[in-house]
Each structure stands twice: as C-alpha cells, then as structure tokens.
Amino acid sequence: MKKDFFRHSFDTVIIGSGLAGLRAALEASEFSKVAVLAKMYPTRCHSTAAQGGIAAALGNEEPDSPEWHYYDTTKGSDFLGDQDAIEVMCEDAIRTVVELEHMGVPFSRTQEGKIAQRRFGGHTMEFGRAPVRRACYSADRTGHAIVFALYEQCQLRNVHFFPEFHVLDIVIEDGICRGVIALEIATGRIHIFSSKAVVVASGGYGRVFKTTSNAHASTGDCLSILLDRGLPLEDMEFFQFHPTGLYGLGILITEGARGEGGILINNKGERFMERYAPTIKDLAPRDMVSRAILSEVKAGRGINGRDYVHLDLTHIPRKIIEERLPEISTFCKIYLGIDPSEKPIPVLPTAHYAMGGIPTDIDGRVLMDETGRTVVGLYAAGECACVSVHGANRLGCNSLLDTVVFGRRAGKAIKKDIKNLSLEDIKDEEIDRTDSILESLLNSKGSEKIGDIRERMQEVMMDDCSVFRHEDTIRQAIDELEKLSLRAESISLKDRTRRFNTELLEAVELRHLLNLAQAVARSALQRRESRGAHYREDYPKRDDQSWMKHTFVFKRENDWKFTYKPVVIKRFQPEERRY
Ligand SMILES: Cc1cc2nc3c(=O)[nH]c(=O)nc-3n(C[C@H](O)[C@H](O)[C@H](O)COP(=O)(O)OP(=O)(O)OC[C@H]3O[C@@H](n4cnc5c(N)ncnc54)[C@H](O)[C@@H]3O)c2cc1C
C-alpha cells in the first residue's frame, strides 16, 4: 500500500443515515459493531424533508384496518406491487408507529391525546368507498421528527457515525460483499471499510430530472455502483411525479395540504379533479393527479393560460394551517411571497420518488437476478431498494413506513445470517481501481463542464421521459443521454486538490446520474403499456396479459439487458383502477 489509506473493520456497514439506514443501524447494533456512512451530515438526509406523514391504520380518528391499507397500497401500485411485501408492511404499520412514539417521536395529537391522523391520496375505508384518516404526522415536519428520534437512539447504542464520508464503491467478489470504499470529504483521504454485512440505504435519485422535490444529494450513487458491478435494478421506468411542486421551483407542497381540505383549481375556477376521480377527487393517487394537472394545462386551462394550476387552501381556517401545515406555509411566503391563507398557490408536478431500485427479498437481501438468488452479505432498504411495495405508483406516507419497516427487517436478516458471513480484507486492486478513477478525474484535461452536462440531462429527462412518454421521445432521450455520457468522459475540474473537493464529487455524481437516467429511459422504452407513473401515449392502456411483471435491467459492457420477474399476487386480483 503506497498511500495513506485508512482501514476499518465493522460487522455491519450501513450506507446512508436516512430513516432506512438509521432503523437498520439500530437493529444491527443489538448484536454487531455498526458503522453508518453518510455523504452529508447524518441528520441532513432527505428523510428530514418529509412533510406529510407516515401511514398506519391506527383507526384513531375513524374506523380503519390494515386490510384496507393493504388493498389501497396494492390498488395504488396499479397492481404491480408484490402483495407478500405489501401485506408485511401494512400488518407491521401499527406496531411501527407505536414503537416510534415510544422512541420519542412527537406526533401531533387528537383532543383526547391519541396520535392524530389525516387524509392522504389513495387512503380509503372499506376498499375504496370513501377517504380515511390514516396518515400519522408531526405537523408537516414528520420526517424531521422521526430522524431525530432514531438518531438519538443510535447514539445511545454506540453506533459509529462517519459523517461526510462519500461512498465510491461497494466491493463484491464472486457474489459476496466484502465492504465499501469511501472518501473522507474533509481530507480527501480514502477509507476502506471491511465488513461482514453492508446495508445500502442511500435514498433516491430525483436529481436526474430538472424539476424535483429531492435534495441535491439525491443522486442515486449506490444504485449506479451496483449496476456497474453487474447487478440488476428493478422497475426503473416507474418514477413518481408529485402533483404539487411550487411552480418554477419544484419544492414540495405536501399532499397533507389536500388532506386538510385543499383543492386544485384550473383557470375556469373549476375543481377539475371531480371529473378525473369522482369519488375521492383531489385525494386520488399521485400518478392520476399529476396527469390530470398536465392535461388541464395542455388543454389551455392553466392559470392565465400558463403552465400551472392553483392549489387553493384559502377556505381552510388560518389556525389549522398554522398548526398543521406551518412548514409549507413558510415555504410559500419565502419563495413566492404568498400567504396560503389569503391566496392560492401556483403548483405543477415535480419529480419526487423512485419506485424502482435495488431488488430485494422481503428481508432486504439484495437479489442477483430475477430468479431470487441473493448476494451474500448485501442488503438494501428504503427508497434505493425495490421490495416491491409501491409497484408502479407509491401512495403518500407509505415511504416513511417502508423505510422503517424494511430497515428493521434488514437488520433482523443480518442477525440471522451473520454466523455464515466472514470478514475479509478488501484487496489492494479494488482500492487502486477507485483511487485511479479519482486521480484521472483530478488530472482530466477535457473542455466539458459538469454543470452543462447535468443541466442538459435534467432537461432531456424532463422533456422526453417524465409524466407523458412516447417511443419517439424516449428514443430521443436515449440518443441524447448517450452523447452526454461521452461528453462526460472529457470534463475537466478547476479544483485539483483533494481536500473538500466538492467539484470532484459532483463529477462522480454526474456519472451516476447519467447511468441511472439511461436505466430509466431504457426500461421505459421496453414497457409497452401504461401503468401507474409510467404513461405511454403510444400504449395508453394497462396490459395485464403481457406486463404483470417487474423489469430487471442489467448493464453489460456498453449494452443493456432486460429480464422479467412475475408480480406476487395474493389477496387482490388486478381490477380496473377507479377512484
Ligand atoms: C420533500 C419530500 C417530502 C416527502 N414527504 C414524505 C412524507 O410525508 N411521507 C412519506 O412517506 N414519504 C415522504 N417522502 C419520501 C421519503 O421521505 C423518502 O423516500 C425517504 O425518506 C427516503 O429515506 P431513505 O432512508 O431511503 O433515504 P434518505 O433519507 O434520502 O437518505 C439517504 C442517505 O444516504 C446517504 N448517501 C447517499 N449516497 C451516498 C454515498 N455515495 N455515500 C455516502 N452516503 C450516501 C445520504 O447522505 C443520506 O444520509 C418525501 C420526500 C421528499 C423529497
């Protein structure tokens, strides 16, 4: 070893300090020595930005049941969700929320002191009869409240945190995961973490799109690393657009705003969701509401003929907005100078959530292929993973639930597996490979700028591969992405030092984003039907005959390969999705 590399060994290494990573860390800390690596300061993960709530059929405000939650999630997923996983999640939801409460999460309360609940898109009672209050919340800072409670619990259990450590590689040898290689951002030094088990909990990749609610750090690094390592990604064509992003900015206005009674209005003053979803109207699932908004805009019914509609909260008492939606109310004032109690909010769909990701079994073990073989010692949970509970479209509040339920299950799976996992040093060749990639970026002499390529990629994905898609536009996107990937080979950096070189990290992230953008576009090209968030104008119908299956995309050299895995159907047969 020539350079000052630092070696560490842990039983369990967790990539990401979001809710999935923290919950997995807590579980694994009961029986193993745990490290959590995060490229940001741990409590600055995107989970902290979650506003609206976490779903559990507590029935505190009206009758509810896990079975209805199971049905809603399946129907919301446009029947692509695997029902064994959905059943597990919905059955475990009540215990999960009570556990979080006991860990110190300050949930908002009803008059009698129970955990308060509000309405959210696609949450219904009696199998779709009427909306139900199922979302448990801490005003509109639910993610923040849960992250801090879990972070404190991890501190109590001596979990080792490595803040601002950027993971560059996940080492897998002959189907066995050996650990990770990371860059300490402050010093620019490389650290090697050998471990028996690695949990990938690195969140989403909304930054492939121009308009997004996602944090700047949501670049999907680890998905791309695993793709390059020959592992598949599942259902990448399904990317959720949230209906209500602040116009021009993409900053999220929680669905909780509609849960509290907010309505969407077009330029005629019409509550247009009555036409698209007569039963639950503005509380229809996100894929439907996003398409409805963009259809209104296309038909010339955007406000003042422009490309946005209004989210109107002016009829909701100011006290309720101040108590239950303080965060979004502040956002509207700061970013648009609008007081939502007085004026409607201009909104447009914003790229929000990746339904697809690293395929896992229901205990977080990462799948090698569609046959169910797993990678020894490698686990994934949270938004980066695809279990799949969300199928083609996620319901609001089911992601926070997913992170905590499946983060915990990954921890439990490691407990079962650990006696068969061994700790071995990561080979020097692996470290040299990573280091030489960094060196070549630092010494690059090209003329291309990172920002230009990233911006163009985000535009292409937004214009050609977002809410509405067509074979022609997707092909156009793929061509352009290929060109951009070539251009990315000849970038040059202004900062050639190692310490706190954020430009270097942006270069690394750009490669990952381009990789994932291609995975999305190519998977979207294959799926010749419309389902959930994947809407093909050239194939506008859902096709259960041919497409009740999950896409597995692999990258082989410079080629892409697709295989498919059947959907797990248990209780609920596919039916037409009416709301
Ligand atoms: C604005 C907003 C509001 C939302 N509101 C809700 C809601 O109300 N209810 C709901 O259910 N869902 C909501 N969601 C979705 C939900 O918050 C996320 O899907 C979920 O929090 C993701 O958690 P996670 O643990 O998977 O990842 P994250 O919280 O995104 O954490 C990822 C972690 O991985 C680390 N990381 C990533 N790459 C690397 C790397 N290369 N090296 C080291 N570390 C790395 C990051 O630093 C971070 O610590 C919302 C999402 C957004 C964007």
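## Exercises on a predicted model

Let's start with one residue pair: in strand 20, P566 is the residue that sits opposite K549. Keep in mind throughout that this is a predicted model.

**Exercise 1.** Work out how strand 19 and strand 20 are joined, and in which sense they pair.

*Solution.*
- Step 1: find the two strands. Strand 19 covers residues 549-556, and strand 20 covers 559-566.
- Step 2: check the pairing. The two strands run antiparallel, with 8 bridges between them. K549 faces P566, and R556 has D559 as its bridge partner.
- Step 3: look at the link. The strands make a hairpin with 2 residues between them, and E557 in that turn has a positive phi of about 45 degrees.
- Step 4: put that phi in context. Most residues other than glycine have a negative phi.

**Exercise 2.** Place this hairpin in its sheet, then find the helices that pack there.

*Solution.*
- Step 1: write down the strand order. It is 10-19-20, an open sheet of 3 strands with antiparallel pairing.
- Step 2: pick out the edges. Strand 10 (233-234) and strand 20 each pair on one side only.
- Step 3: add helix 5. Residues 221-228 form this helix, which packs on the sheet and touches strand 10, strand 19 and strand 20; its direction is at about 70 degrees to that of strand 19.
- Step 4: add helix 15. Made of residues 502-526, helix 15 lies across strand 10, strand 19 and strand 20, at about 60 degrees to strand 20.

**Exercise 3.** Now do the sheet that holds strands 3, 5 and 4: give its edges, a bridge pair and the helix on it.

*Solution.*
- Step 1: the order is 3-5-4, again as an open, antiparallel sheet of 3 strands.
- Step 2: strand 3 (54-55) and strand 4 (117-125) are the edges, each with pairing on one side only.
- Step 3: strand 4 is tied to strand 5 (residues 130-136) by 5 bridges. Look for R119, whose bridge partner in strand 5 is R133.
- Step 4: helix 2 (residues 66-76) packs on this sheet, in touch with strand 3, strand 4 and strand 5, and makes an angle of about 60 degrees with strand 4.

**Exercise 4.** Track down two backbone oddities, one at D78 and one at S388.

*Solution.*
- Step 1: go to the loop between helix 2 and helix 3 (83-103), where D78 sits. D78 isn't a glycine, yet its phi is positive, at about 55 degrees.
- Step 2: move to the loop between strand 18 (385-386) and helix 11, which holds S388. The peptide bond from V387 to S388 is cis, with omega of about 10 degrees.
- Step 3: recall the background for both. Most peptide bonds are trans, and most residues other than glycine have a negative phi.

**Exercise 5.** Describe the surroundings of the ligand, from single atoms out to whole elements.

*Solution.*
- Step 1: start with backbone N or O atoms. One from S17 is 2.9 Å from a ligand oxygen, and one from A20 is 3.0 Å from a ligand oxygen. G53 has a polar backbone atom 2.8 Å from a ligand nitrogen.
- Step 2: check the burial. On its own the ligand exposes 1000 Å², and the protein buries 97% of that.
- Step 3: see which elements give two or more residues to the shell. They are helix 1 (19-28), strand 2 (34-38), strand 7 (165-173), strand 14 (345-354) and helix 11 (398-417). Helix 11 gives the most, with 4 residues.
- Step 4: take the shell as a whole. It has 38 residues, and the closest are H46, S47, D221, E383 and L400. Sorted by class, 16 are nonpolar, 18 polar and 4 charged.

Definitions and conventions
Residues are numbered from 1 along each chain as its sequence is written. This is a predicted model: local features need pLDDT of at least 70, side-chain atom pairs count only at pLDDT 80 or more; totals for chains, interfaces and linings use all residues. Side-chain values use heavy atoms; hydrogens and water are left out. A residue is near a molecule or strand if one of its heavy atoms lies within 4 Å of it. A polar contact is a pair of N or O atoms within 3.5 Å; within protein, one must be able to donate a hydrogen and the other to accept it, and residues adjacent in sequence count only if both atoms are side-chain atoms. Accessible areas come from the Shrake-Rupley method with a 1.4 Å probe; for residues, only the protein chains shown count as cover. Ala, Val, Leu, Ile, Met, Phe, Trp, Tyr, Cys and Pro count as nonpolar, Asp, Glu, Lys and Arg as charged, and the others, Gly among them, as polar. Two strands pair if DSSP finds at least two bridges between them. Contact means heavy atoms within 4.5 Å. Axes are lines fitted to C-alpha atoms, for helices over the stretch in contact, and angles run from 0 to 180 degrees between N-to-C directions.
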